[in-house]
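Me: I am new to this structure and would like to know how its labels are earned. Could you walk me through a few of them?

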Amino acid sequence: MEKLLSHAYISEKGLQNLKNYKYHGIDHSICAKYLQTWWVFLVQYLPLWLAPNLITLLGLGFIFLSFSVQFYYCPLLEGEAPAWTYLLHAFCLFMYQTLDALDGKQARRTGSSSPLGELFDHGCDAISTTLIGLTVCATIQVGAGWVAYGLMMVNYIAFYFAQWEEYHTGTLELGVANVTEVQIMLMIVHITTFFVGGKFWTNTISFLGFSLKYSTVLYLVEAGGGFITLCGNVIKIVNLTKTSKLNPGLVFGHLVPVAITVFFSAAWALISPTRILQTHPCAFLLAVGNLFSYLVGRIVLARVCQEHFSWYQPATFPIIFGFVNALLGQMFVDENYIAYGMCIAFSLAYLHFALSVIDELTTYLKIRCLAIPYPKNK
């Protein structure tokens with residue numbers, strides 16, 4: 001195990017910089033202001049021995065359960081699933097949201113806040129972004145195609161841009177309508193589907209001469225909100241470069257890995273000889289999602305350790321290879337094998353990254369990841 005985790009993702013200087021770590025976050029969420037009462041009430045009943053990271057992991061477990069059920073019944077992101085599954089999705093998302101809010105409060109309550117906690121939280125959030133997105137795609141019957149791709153890209157890009165902004169500003173600032181509101185909206189979608197059935201989302205509505213499915217309208221609403229959020233991220237960074245010594249080229253260069261991932265995944269899906277996005281949507285989108293999770297992990301780690309984040313990320317090479325292979329008519333290998341291979345490879349790469357970083361941080365900080373030896377205060 002020690003040899004397996006021998007790769008160092010953090011330099012000695014980066015480990016020393018951990019002493020400067022301090023989390024800065026501002027949440028302008030409208031709904032979160034009211035939910036705080038609920039979360040503060042709950043956290044006081046958590047046992048003091050319960051580690052914050054264990055709470056985070058438990059929340060992710062609910063999302064894995066929800067996705068597993070969805071994938072079993074709707075592997076192509078369409079088709080009716082048993083009515084109870086939609087209630088399960090809503091419940092799991094509610095539990096995930098609640099536990100995600102409680103982990104930080106438990107950390108402060110037990111005096112166990114650490115850089116590892118933030119990395120662990122963002123790492124689990126990155127994974128859940130993919131799984132929640134695919135589950136919702138199946139619920140609203142978008143099917144295997146470009147609407148599903150668009151929904152997932154909005155989620156991925158928004159999450160990455162938030163971390164990109166925080167990397168340069170040092171503060172995670174969330175708007176009045178952010179992930180909390182999105183999660184509540186998705187819970188309502190799942191519960192609504194329980195009562196009306198999945199086919200409800202295939203009904204159409206006329207808008208400006210266009211006939212749009214309800215699911216497409218929902219996607220456009222989310223895409224519009226995501227676009228506004230991204231514009232906000234970019235404006236903050238542009239203003240920052242005007243008032244600081246930051247090099248705009250280097251700052252926006254950090255978006256190169258995302259641009260490569262989006263461009264080559266879209267181009268691959270567009271020219272795919274086997275219509276990979278339509279025939280194996282979960283494998284393809286999970287592969288892209290796992291790559292995004294890895295990139296998010298790298299930029300968050302660089303920020304926490306105050307290290308340089310490079311635009312050059314070799315992890316994006318397989319996506320480029322998939323495109324080239326499709327362009328040449330699958331000259332090298334069947335692209336279905338590439339999609340499933342990337343899904344597994346990116347999962348293992350992200351797992352190796354996570355375990356290695358956990359090992360490095362727990363060793364250096366002399367803490368444990370999933371346990372609290374004793375509460376420092378009540």
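Reply: Gladly! Contact here means heavy atoms within 4.5 Å. Keep in mind that this is a predicted model.

Me: With that in hand, what does Gln163 touch, not counting residues up to four places away in sequence?
Reply: Its partners are His122, Val296, Ile299, Val300 and Arg303. Gln163 itself sits in helix H6.

Me: Is Gln163 buried or exposed, and how do you know?
Reply: Buried means under 20% relative accessible area. Gln163 has 3% relative accessibility, so it counts as buried.

Me: Where is Gln70, and what makes its label buried or exposed?
Reply: Gln70 belongs to helix H3, residues 52-73. Its relative accessible area is 3%, and the cut-off is under 20%, so Gln70 is buried. Leaving aside neighbours within four places in sequence, Gln70 is in contact with Pro75, Leu77, His89, Leu134, Thr135 and Ala138.

Me: Let us turn to helices. Why are H4 and H5 called roughly parallel or roughly antiparallel?
Reply: The axes of H4 (residues 83-110) and H5 (residues 115-139) cross at roughly 160 degrees and come within 12 Å. Angles over 145 degrees count as roughly antiparallel, so that is the label for H4 and H5. The crossing of H4 past H5 is left-handed.

Me: Which residues make the contact between H4 and H5?
Reply: From H4 come Tyr86, His89, Leu93, Tyr96, Asp100 and Asp103, while H5 brings Asp121, Cys124, Asp125, Ser128, Ile132, Thr135 and Thr139. By class, this contact of H4 with H5 holds five nonpolar, four polar and four charged residues.

Me: What makes H5 and H14 roughly parallel or roughly antiparallel?
Reply: The axes of H5 and H14 (residues 335-365) come within 10 Å and cross at roughly 165 degrees. Set against the cut-off of over 145 degrees, that makes H5 roughly antiparallel to H14. On the H5 side, the contact is made by Pro115, Leu116, Leu119, Phe120, Gly123, Ala126 and Ile127; on the H14 side, by Tyr350, Val357, Ile358, Leu361, Thr362 and Leu365. These residues divide into eleven nonpolar, two polar and no charged. The crossing of H5 and H14 is left-handed.

Me: Now the rings. How many aromatic pairs does a search of the whole structure find?
Reply: The search finds 24 aromatic pairs. One of them is Trp146 with Tyr149, at 5.3 Å centre to centre and 75 degrees between the planes. Planes over 60 degrees apart count as edge-to-face, so this pair of Trp146 and Tyr149 carries that label. Both residues lie in helix H6 (residues 146-169), three residues apart, about one turn of the helix.

Me: How do you know whether Trp146 and Tyr149 are buried or partly exposed?
Reply: Trp146 has a relative accessible area of 37%, between the cut-offs of 20% and 50%, so it is partly exposed. Tyr149, at 6% relative accessibility, falls under 20% and therefore counts as buried.

Me: Why is the pair of Phe264 and Phe323 called stacked or edge-to-face?
Reply: The ring centres of Phe264 and Phe323 are 5.5 Å apart, with the planes at 65 degrees, which is over 60, so the pair is edge-to-face. Phe264 lies in helix H10 and Phe323 in helix H13, so the pair ties together parts 59 residues apart in sequence. Both Phe264 and Phe323 are buried.

How values were computed
Residues numbered from 1 in each chain as written. Predicted model: local features only at pLDDT ≥ 70, side-chain atom pairs only at ≥ 80, totals over all residues. Heavy atoms only, no water. Axes fitted to C-alpha atoms, helices over the stretch in contact; angles between N-to-C directions. Helix = DSSP H or I, 4+ residues; strand = E, 2+ residues; numbered from the N terminus. Parallel < 35°, antiparallel > 145°, perpendicular 65-115°, else oblique. Left-handed = near helix turned anticlockwise from the far one by under 90°. Nonpolar A, V, L, I, M, F, W, Y, C, P; charged D, E, K, R; others polar. Phe/Tyr/Trp six-rings, centres within 6.5 Å; stacked < 30°, edge-to-face > 60°. Buried < 20%, exposed > 50% of the residue type's maximum accessible area, 1.4 Å probe, protein only.
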